[in-house]
Amino acid sequence: IIFSASFHFCATEMWKMLFRGDSGVKNASKEGRPFVLLVIQQDAYNWSNILKRDLPSLLAQELGQSSAAHLPSDEPPNQELALLSRLEVVQTGWDDIEVGPCANHAREPRMRCCVTVRKQWIDGLPVQNGPSGSMRVKTIFPDFVLIRNVVSSPEKDHKPKLLGLLYGNVPSMNPLLSIFLLENRPMMHSMLNRLVDSQQISYMDAVKRGDPSAENRKPMPLIPQYFFPSTQGFFYGDTFPAVVKYGNAHAGVGKILIKDHHQMEDARSLLVCTTEGHCLAEPFIEGACDLRIQKIGPHIRVLKRQTCTGAWKTQTQTCVLENLETYPERYAQWVKDASRLLCFGTSSFSTTGLAEMPGEMMHSTGLGELDLCALDVIVEEKTGKEYVLELNDTSFGLGHQSEEDNLLLAKLLVSRMIGSVEEY
């Protein structure tokens, strides 16, 4: 009943805004109303503290001020602190929100998408913000959104909610379109395939010219892979053992190890029982270790993961995680190129010149560079060969340096929020 009443209020306010000729809520960038940040992250993080306590302290130190003066009462000295002084953080999970109504003819662009929040989360716990320890339903019109949890899982599909935010043109980090596309595993791999094709063209051109830097332009080593959109034409022609990945699940879910062609026939028969109706198959690589190459803005971090149990799904078992202080330059180049997947058109393209284009320019021109992404790489035990397995969008997990990385993320997030205000 409470949720229905809140949804009715949200719809009523939307219709008032549309038909009475004004926005109903003052413009955040001009009149000083709270700037509402919607954070989709249900696990153990507190984004209100990160953005309103830890980050202002860091910014104050950078400005040479006392770290105790987190949010000055007078006019803040820069844009970052000015935004943080009126920031309202609403942290929740996909299960606890409803998106809509969304309207494309709202007079105020920031009022195009209504979100009803049934429950807020901080540090992995629900917030009891109502009377007698209850949970108060909250209706917001988000000015910006940060998505740090996966959109879909085998249990629930929240893509319609993501589409609502996308329809309402809610600014985000990364672009919501990239999150929608990379959520689909075959789509993600198709873009990686296209990137490697372009790298191959660039590499061959460099070899023909006798360019001494050609060795550094070798294409990213994608793992050999097959895509089966249905049981028709399901024929795996590579080596065994193999791994079959059903649908779009992450974190080891929906993956099975196949020893021979007899088991592959069983895997084929299971395809008709899946929701998505498609799967991927690739040779099983006996790995010495996994690598996670993460990018947060211009900052690159490489994490090395080794299993302690011997299980073939290393991401689901106990493991040792090591932060590599030094790593080959190719790792940074791989993730930088991958972050520009959406910068390319639909025809043949070349990566020539992209490395010289500033990230800020690519972002501001709407070309779609990813602020947050991470490549997963496996290193073969016998040969030492590296194979890129997949690209993760904004929901990738952080390692032992999560506190440092969250501050880097927060600082970049504030910059993007300021940019979104300036666009209106």
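**View 1. Trp334 and its aromatic partner in helix α9 of the predicted model.** Trp334 is buried, its relative accessibility being 6%. Its partner Tyr331 is also buried, with a relative accessible area of 7%. The two side chains make a tilted aromatic pair, with 5.5 Å centre to centre and 45° between the planes. Helix α9 covers residues 329–338, and Tyr331 and Trp334 are 3 residues apart in it, so about one helical turn separates them.

**View 2. The stacked pair of Phe228 and Phe234.** The ring centres of Phe228 and Phe234 are 4.0 Å apart. An angle of 25° lies between the planes, and the pair counts as stacked because planes under 30 degrees apart fall in that class. Phe228 is buried at 3% relative accessibility. Phe234, with a relative accessible area of 8%, is buried as well. Both values fall in the buried class because that class takes relative accessible areas under 20%.

**View 3. The aromatic cluster around Phe228 and Phe234.** Phe228 and Phe234 belong to one aromatic cluster together with Tyr226, Tyr236 and Phe240. In the structure there are 5 aromatic pairs. Among them are the stacked pair Phe228 and Phe234 and the tilted pair Tyr331 and Trp334.

**View 4. Arg148 over the ring of Phe396.** Here a charged side chain meets an aromatic face: Arg148 lies over the face of Phe396. The distance from Arg148 to the ring centre of Phe396 is 5.4 Å.

How values were computed:
Residues are numbered from 1 along each chain as its sequence is written. This is a predicted model: local features need pLDDT of at least 70, side-chain atom pairs count only at pLDDT 80 or more; totals for chains, interfaces and linings use all residues. Side-chain values use heavy atoms; hydrogens and water are left out. Rings of Phe, Tyr and Trp (its six-membered ring) pair if their centres lie within 6.5 Å; planes under 30 degrees apart count as stacked, over 60 as edge-to-face and the rest as tilted. Buried means under 20% relative accessible area, exposed over 50%, partly exposed in between (1.4 Å probe, protein chains only). Helices (H or I, at least four residues) and strands (E, at least two) are DSSP runs, numbered from the N terminus. A charge sits over a ring if NZ of Lys or CZ of Arg is within 6 Å of the ring centre and within 35 degrees of the ring normal.
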